[in-house]
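Q: Before we go through a protein model, can you show me how to read its side-chain contacts one feature at a time?

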Amino acid sequence: MGRIRILPDQVANQIAAGEVVDRPASVVKELLENALDAGATRIRVHVEAGGRRLIQVSDDGHGMNRDDALLAFERHATSKLRTADDLLSIATLGFRGEALPSIASVARVTLDTATGEEVAGTHMEIAGGKILHVDDAALPRGTTLAVADLFFNTPARRKFLRAESTELAHVTALVTHYALVHPEKHFELISATHTIVSAPPVARTAERIYQIFGKDTLAALLPVAAEAPLARAGLPEPPPWKRDPDEPARDPGTLRVSGFYSKPELQKLNRNSIYIFINKRLIRDRLLIHAITEAYRNVIPPTSFPVVLLFLEMPPEEVDVNVHPAKTEVRFRQQSLIHDFVRDSLRTALIQARPAAGFLAALDPHRPADSEPEAFHSAATETEAFRLTPRLPAPVPGKLPFGSGFNAGGWGNQQAWGEAAAALFQPANLPSTNGCSAATEDAAGLISPATATAQVEAEQAAATLNHLGSLRPLGQLRESFILASGDDGLWIIDQHVAHERVLFEKILRDRQVEKVQRQRLLMPMLVELKLSQIVVFARIAQELDQNGFEVEPFGPHTLAVKAAPVGLEGAALERMLAEVIEQSSQDSDQVEQNEDLTALRGRIAASIACHSAIKVNTPLDPARIEWLLLELAKTSHPTSCPHGRPIALLYSWKDIHRAFHRI
Ligand SMILES: Nc1ncnc2c1ncn2[C@@H]1O[C@H](COP(=O)(O)OP(=O)(O)OP(=O)(O)O)[C@@H](O)[C@H]1O
Ligand SMILES: [Mg+2]
């Protein structure tokens, strides 16, 4: 007798469950996605014991008739896909026909569903994959799926579950994310004792952000929206002999991005606060994270990450969603096009917004303090998509600002999935002592989400650096900071980093058109190098040359610098060279080759700028101050120096009034 056997369905389902369902949050994900696919407008999630005891998702979607309800728990039973070709253009969140049988194989499931068209709805009970009971029931249109005792028959799995609060945090993060993509739908998350998320429909994402996270979070984010027509479709055209001559040419469609990104003043130490949705599906994607970090290059430090909530829309043919069992990864058919579109849209938005950093916000110690890269060390694998270890803080009444104590799981190096329980995206009203949040109080009280959002937007529109050129300089503070008054308040500008930004952008511009001005040194400057540094130097020599340096070997370990960019001399020149060589040697093994050159250019420009800029403790006459402000106003990113430090802080008129108790 042969050795090979076909596995019984129940075993096959449990194996699939291993990939699809690994914790309560992944059950919630599948059920939420089913509800959304069923066109629900109101979704209510109820969990007990962090979802270990019970997860119940109710929706008002199109429901199922009895035949469909019975089929839904069969493996590969789906209403969302018919042919293999359909796989090329999936418009629903689900399509594998795996979720329900997988869940039902590892839990006790009750289904109540009705289409509203039949006389009766259906009530069904399933445990460990076996249908125990099916009955007619009088039900309104929609579906309620209750999943009790998750992993009751797979103790090994159950052991991996974390504390209830941890599991609840993951569930909360998940519901929150889906609530963010669908502001027009009503989402609720309820635990045995608290209402955790309560988000009635609103008109815009900004209002939803306010509803869930409160005003402070909304105020720290700026909107981005852009679109571009696709030049060609991602899928190749059929060959001429297969083409139908009557068929009109295919419209390649449009690429759209919308969402929110953080002001440069807000910086995170990991990428846990970058959220990307493709066609309303929450995914993780290295390519897009790269595009986002590129957009922030030389605006925030290279070791920091922004907070980004990005909604990308594209024709379904442009993205393959069938590359991961939990559907959390995708593959783009036109990768570099999408990468560049995201990078450029974000960068343009940043350049246009030029948000001013508030003086008080810059002082706030609760800013992005999520410096717990614990998740980077968690050996999360692809199938552990949702297994992360956030820590719930002690109950906090009211809004939680960024990074207020939640440690998110990471998108870390091991591609851990950082969607759960991220510092930022924990809703304001996570279980608090009174179970009620400031955000909901605001919402229920005097201010509607729409009004509050409009207020935040008006304040943001006012606080930009666009008026830098028209500020009235008042003088210097300790010969280091420029004070200036404007209609919006008192400005404090760091003269060194301001000049650094001006020079940095000039150097990059000049370099681009090969017009860098070099100056001959009276005496060549000799620089000693270690053996390893000589190799690094050889790699960057050409780029240095393009930046105004003239350097020649002078003996085996020595270089002779004969010319340097204008404004850089003496000890500053020496320090600058040492810095670039040092940074380039750290970098050489981790950076991809093609990225190298832009990064190197930025680094050299930043280093030249830093070492030739006006220092602190330097007196400046009024004309020089005025010149500096005007030049700074002309830069693309007057918000921060190339290393990410803030340049200008605004003590707003409103804060001044408030501090003097006038309002
Ligand atoms: N809440 C719901 N309302 C209406 N129909 C539902 C609901 N949940 C599931 N169904 C039906 O049951 C089918 C099976 O669901 P299941 O989640 O197992 O597979 P799927 O959503 O098609 O694919 P995937 O495995 O990728 O999620 C769905 O195709 C859908 O027709
Ligand atoms: Mg599904």
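The dialogue below takes up cysteines, salt bridges, charges over rings and a surface patch.

A: Keep in mind that this is a predicted model.

Q: How many disulfides does the structure hold?
A: A disulfide calls for two cysteine sulfur atoms within 2.5 Å. The structure holds zero disulfides.

Q: Why is Cys-610 not bonded to Cys-641?
A: The sulfur of Cys-641 is the closest cysteine sulfur to that of Cys-610, but the separation is 7.6 Å, too far for a bond. Cys-610 is buried at a relative accessible area of 19%, where the limit for that class is under 20%. Cys-641 is buried too, at 1% relative accessibility.

Q: How many salt bridges are there, and which residues are linked with Lys-29 in a network?
A: A salt bridge pairs a side-chain nitrogen of Lys or Arg with a carboxyl oxygen of Asp or Glu within 4 Å. The structure holds 29 salt bridges. Lys-29 is linked with Glu-30, Glu-33 and Lys-327 in a network of them. Within that network, Lys-29 and Glu-33 have their closest N and O atoms 3.2 Å apart.

Q: Where do Lys-29 and Glu-33 lie, and are they buried or exposed?
A: Both are in helix H2 (residues 24-37); they are four residues apart, so about one helical turn separates them. Lys-29 is buried, with a relative accessible area of 3%, and Glu-33 is buried at 1%.

Q: What does the salt bridge between Arg-501 and Glu-505 look like?
A: Their side chains meet at 2.9 Å, N to O. The two residues are four apart in helix H15 (residues 495-512), about one turn of the helix. Both are buried.

Q: Which parts of the chain does the pair Arg-601 and Glu-543 link?
A: The salt bridge itself has its closest N and O atoms 3.3 Å apart. It links distant parts of the chain, 58 residues apart: Arg-601 is in helix H18 (residues 593-612) and Glu-543 in helix H16 (residues 531-546). Arg-601 is partly exposed at 28% relative accessibility, while Glu-543 is buried at 6%.

Q: Which charged residue sits over the ring of Phe-95?
A: The charged end of Lys-327 does, 5.9 Å from the ring centre. Lys-327 also belongs to the salt-bridge network with Lys-29, Glu-30 and Glu-33. Another case is Arg-108, which lies over the face of Phe-152 at 4.0 Å from the ring centre.

Q: Which residues make the nonpolar surface patch of about 260 Å²?
A: Leu-7, Val-11 and Ile-15 make that patch. Ile-15 lies in helix H1 (residues 9-20).

Methods: Residues numbered from 1 in each chain as written. Chains lettered and ligands numbered in written order. Predicted model: local features only at pLDDT ≥ 70, side-chain atom pairs only at ≥ 80, totals over all residues. Heavy atoms only, no water. Buried < 20%, exposed > 50% of the residue type's maximum accessible area, 1.4 Å probe, protein only. Lys NZ or Arg CZ within 6 Å of the ring centre and 35° of its normal. Patch = residues over 30% accessible without salt bridge, like charges linked within 9 Å, V, L, I, M, F, W, Y side chains within 5 Å. Areas by Shrake-Rupley, 256 points an atom, 1.4 Å probe, with all protein chains shown as cover.
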